[in-house]
Amino acid sequence: MSEELAQKLSYNLLHSQIPHLLKSFDVITLTQFKQLYTTNSSENKLENIIIISSTSGQGELPTPIKNSAIWQFFKRKDLPNDFFAGVNFYFLGIGDSLYLKFQHAIRILKLRFIDRLGGNLKLKLEIDISGMKGSGSVEMVMPQFIKIVKDYIVGGEEEAKEYIKDDIYISMGPTLKLGKPEKESTITNDDSTVDEWIPSKIILNDRITKEDHFQDVRCILIENELEFKPGDTISILPSNEESTINEFLKLQPHLKQYLNDELTITDNGETTTTTLHYLLQNKFDLTSVPKRLFFMKIWNLQETENEDEIEILKQHKQKLYEFGHSDDDYDYLEYVYRPRRSILEILYDFSFIKLPLKYLLDIMPIIRPRQYSISNSFTEENKNAELTVAILEYETLLFKKRLGLCTNYLKNLKPGQEIKYKINHLHLFEKIEPFIMEGVEDILLISPGVGIAPIKSFILEGEYMDFNKTLYFGSRFASKDKLYGDLLTTLSTNKDYNLIYKCCHSRDRDNVIDGKQIKYVQDLLWKEADYVYDLIFNKNCIIYLCGSAGQMPTQVKITLASILEKNGVQNSSEYINDLIKQDRFIQETW
Ligand SMILES: Cc1cc2nc3c(=O)[nH]c(=O)nc-3n(C[C@H](O)[C@H](O)[C@H](O)COP(=O)(O)OP(=O)(O)OC[C@H]3O[C@@H](n4cnc5c(N)ncnc54)[C@H](O)[C@@H]3O)c2cc1C
């Protein structure tokens with residue numbers, strides 16, 4: 001969401017004729033930042049920095065910030081306290097107040113840029129996507145944020161230049177041009193910290209759920225040499241299939257002629273070359289559900305030469321304008337978001353859209369990497385990284401099934417095929433301070449579904465063998481999707497692993513205790529309330545909860561609080577919240 005809001009702000013600044021540069025932390029290189037910051041030209045001097053960020057995980061900086069070269073630079077101890085003296089900062093945090101460490105990331109960023117590096121705090125607003133805390137919901141905060149930022153930058157409404165009407169396409173983004181660059185490519189990159197995609201191969205790609213089970217879950221092994229720890233993830237950058245590219249070209253036939261021609265990308269004065277085919281395959285997220293910004297940009301890029309169609313064209317323009325610009329997002333939600341309509345389907349329905357080659361990079365959403373928890377452990381004998389991937393396929397009111405881009409890309413990769421990846425060191429199991437770990441002997445592991453991935457890595461890791469581990473795992477059927485069931489059963493009978501393995505299956509009918517069916521992990525935890533209470537309260541165990549976001553993490557938290565309460569602990573919800581604050585209760589949910 002931060003990217004979308006940043007682009008919305010940028011759109012508004014652009015139409016208000018306020019020059020600026022929009023970059024994601026992980027895209028701007030140290031060289032580019034230093035050039036900007038140390039420029040001698042007073043016209044281009046960096047005076048205002050706007051930072052928009054969500055909070056990820058349990059109060060952490062998002063990975064693109066954490067791993068970026070410039071963040072590593074700003075964290076350096078040798079930077080002077082007045083490094084950002086004279087630079088105005090505007091912060092917009094995006095968070096969900098249902099999470100305990102609400103808006104933690106934007107506070108970390110403010111601490112660094114203002115309190116440590118001497119920047120000038122002009123504004124800090126906090127959006128709560130649950131709409132209850134902070135400065136309010138997106139709809140309430142965003143117009144306010146844009147207005148205040150603009151007023152500060154231009155010095156009030158009287159000073160403001162005229163707003164350029166929305167029907168004029170203006171872009172600051174990268175442009176595409178047929179042919180070679182006029183000058184030699186000017187891309188420079190001296191950042192030793194910018195991490196590159198690592199080329200590798202698929203070793204194994206096996207389905208680990210039964211063929212007749214509704215969900216395909218894969219165990220995928222990737223050739224790897226780099227060290228990793230339990231809790232680390234691998235980023236994968238998927239690409240579009242040839243059939244998707246052909247579908248796009250059928251809908252935008254005027255672009256077909258350029259498919260394999262050399263194209264020059266110009267972005268902030270720097271040039272590189274590419275082909276349209278490369279962009280369609282690797283860059284443009286053709287099957288994604290477009291954000292409102294997409295419509296803000298394309299609504300007027302519709303045309304027809306047929307006189308009889310002029311009225312329909314007007315209606316189409318009106319409709320797409322509303323999807324992008326209307327204060328009320330009802331129509332957008334109903335037509336685009338709820339049915340998860342893809343860009344290709346929108347191009348089909350609105351056949352007057354003619355995307356100009358020049359602005360494709362500005363208009364089309366870009367494919368983002370997806371993260372997957374590594375599910376094995378790294379040893380000198382076996383360095384390869386294993387992923388456990390639930391292939392995403394679901395239905396909406398539309399006829400065609402929706403397919404997750406990355407999971408279906410992974411599903412189709414055969415052993416021996418090439419893949420590019422990055423390792424993210426998230427330190428999930430290492431973030432507990434040594435003094436908290438002192439004396440801890442027990443670990444409570446809770447992981448329904450593919451949440452088992454990081455947990456399995458933890459169980460297999462030699463370093464954690466000595467802990468007494470109790471695992472609560474949940475799936476639908478014992479016979480169909482009990483992921484790694486045989487392996488975990490074997491490990492639980494091997495004393496070296498110190499593992500107690502408990503399972504429940506929501507669709508099996510035989511697990512009824514005291515007339516109540518044990519469906520989900522929270523039911524099983526409740527059934528074993530005394531045991532769980534002993535682990536948490538008497539043995540001071542560490543809790544790890546991994547799996548899909550949504551209802552499950554909240555349900556588990558409520559259940560744990562109820563278990564404590566049942567055993568006489570007062571303010572049990574606060575007790576659980578304290579465990580989270582102290583990193584004794586760690587969640588990795590997605
Ligand atoms: C730290 C971390 C670790 C992760 N580890 C794992 C892991 O080990 N294994 C794993 O399988 N995944 C894991 N994920 C999730 C993974 O990154 C991807 O988000 C997931 O695989 C989907 O990617 P995709 O490209 O196939 O789907 P996309 O094309 O990105 O589509 C996903 C979108 O589809 C929509 N959607 C999904 N289901 C429905 C539905 N039923 N109804 C309506 N809309 C729906 C949602 O809007 C969702 O955002 C992890 C994520 C994070 C952040």
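Colleague: Okay, so helices (H or I, at least four residues) and strands (E, at least two) are DSSP runs, numbered from the N terminus. What does Gly155 do just after α6?

Modeller: Gly155 takes a positive phi of about 85° there. Bear in mind that this is a predicted model, where local features need pLDDT of at least 70, side-chain atom pairs count only at pLDDT 80 or more, and totals for chains, interfaces and linings use all residues. Residues are numbered from 1 along each chain as its sequence is written, and side-chain values use heavy atoms, with hydrogens and water left out.

Colleague: Which residues of α6 are buried?

Modeller: Val138, Val141, Met142, Phe145, Ile146, Val149 and Lys150. Buried is under 20% relative accessible area, exposed is over 50%, and partly exposed is in between, with a 1.4 Å probe and protein chains only. Looking down the axis of α6, those buried residues fall within an arc of 150°, so they line one face of the helix. The arc is taken from the directions that run from the helix axis to the C-beta atoms.

Colleague: And what's exposed on the other side of α6?

Modeller: Glu139 and Met140 are exposed over there.

Colleague: What do the buried residues of α6 pack against?

Modeller: They pack against α1, β1, β2 and β3; contact here means heavy atoms within 4.5 Å.

Colleague: How are β1, β2 and β3 arranged?

Modeller: They make an open sheet of 3 strands in the order β1-β2-β3, paired in parallel. Two strands count as paired if DSSP finds at least two bridges between them. β1 (48-54) and β3 (120-128) are at the edges with a single partner strand each, so one side of each has no neighbour in the sheet. On average, neighbouring strands are turned by 10° against each other, direction ignored. Axes are lines fitted to C-alpha atoms, for helices over the stretch in contact, and angles run from 0 to 180 degrees between N-to-C directions.

Colleague: How many bridges join β2 to β3?

Modeller: 8 bridges join β2 (residues 88-95) to β3. Gly93 stands opposite Glu126 in β3. Helix α1 (residues 2-15) packs on this sheet, touching β1, β2 and β3, and its direction makes about 150° with that of β1. Helix α6 (residues 138-154) touches β1, β2 and β3 too, with its direction at about 165° to that of β3.

Colleague: Switching topic: what's the strand order in the sheet of 6 strands?

Modeller: That open sheet runs β10-β7-β14-β5-β6-β11, with antiparallel pairing. Its edges are β10 and β11 (385-390), each with a single partner strand, so one side of each is left without a neighbour in the sheet. Neighbouring strands here are turned by 40° against each other on average, direction ignored.

Colleague: Which residues of β7 are buried?

Modeller: Thr233 and Ser235 on one side, Ile234 and Ile236 on the other, so to speak: both faces of β7 (residues 233-236) are covered.

Colleague: Which residues are the bridge partners of Ser235 in β14 and in β10?

Modeller: Lys422 in β14, and Gln371 in β10. β7 is joined to β14 (residues 418-424) by 4 bridges, and to β10 (residues 370-373) by 4 bridges.

Colleague: Zooming out, how many helices and strands are in the protein chain?

Modeller: 21 helices and 21 strands. Buried residues make up 49% of the 590 residues. The C-alpha atoms fill a box of roughly 75 × 55 × 45 Å, taken along the principal axes.
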